Amino acid sequence: MKADFDNGKFVKDNETYKVIDITTLNGLIVSKTVLHPKKETGGHKHAGQEEVYQFVHGNGTMQVDKQYFGVKSGDVVLIEDGVFHKVFNTSSHEDLVFVCVFDGKRSH
């Protein structure tokens, strides 16, 4: 089955970002975030849940625990259980787009 974000569920849609979830699988959620220029996610951590982020468009910075590093299209970041993470769009004119896959239910 092809992931179809056009028919996904909007979780958030505001001046900071759009977040769309696909929840058709039993054990995983696939989520797409479009982070607008010069914006950042709220940052969070959650016990009992690992995540995989794949960046598909744009450039930015990611914080994982106390480490900061650049991210760009094609990068994949693994988030371990219970580790704080946050994404920053450092561009002044381009959205930063990433897809996140996580197990279970949305807890953030």
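Two strands count as paired if DSSP finds at least two bridges between them. With that in hand, here are four close-ups of this predicted model.

**View A. β3 and β9 lie side by side in antiparallel pairing.** Eight bridges join these two strands. A handy spot to look for is Lys32, which stands opposite Val99 in β9.

**View B. Six strands form an open sheet.** Following the sheet across, you meet β1, β2, β3, β9, β4 and β7, in that order, and the pairing is antiparallel. At the edges sit β1 (9-13) and β7, each of which pairs on one side only. From one strand to the next, the twist averages 20°.

**View C. The largest nonpolar core brings together 17 residues.** The members that touch the most others are Tyr53, Phe55, Met62, Val64, Val77, Ile79 and Val87. Two or more residues come from each of β2 (17-22), β3 (28-35), β4 (51-57), β5 (59-64), β7 (76-79) and β9 (96-103). The biggest contributor is β9, with four residues. A second core, separate from this one, has five residues, among them Phe5, Ile20, Ile22 and Val99. As general background, nonpolar side chains tend to be buried together in soluble globular proteins.

**View D. Here we zoom in on Ile79 and its contacts.** Which residues does Ile79 touch, once neighbours within four places in sequence are left aside? They are Glu50, Glu51, Tyr53, Met62, Val64 and His85. Of these, Tyr53, Met62 and Val64 also appear, like Ile79 itself, among the core members that touch the most others.

Key: Residues are numbered from 1 along each chain as its sequence is written. This is a predicted model: local features need pLDDT of at least 70, side-chain atom pairs count only at pLDDT 80 or more; totals for chains, interfaces and linings use all residues. Side-chain values use heavy atoms; hydrogens and water are left out. A nonpolar core is a set of buried Ala, Val, Leu, Ile, Met, Phe, Trp, Tyr and Cys residues joined through side-chain atoms within 4.5 Å. Buried means under 20% relative accessible area, exposed over 50%, partly exposed in between (1.4 Å probe, protein chains only). Contact means heavy atoms within 4.5 Å. Axes are lines fitted to C-alpha atoms, for helices over the stretch in contact, and angles run from 0 to 180 degrees between N-to-C directions.
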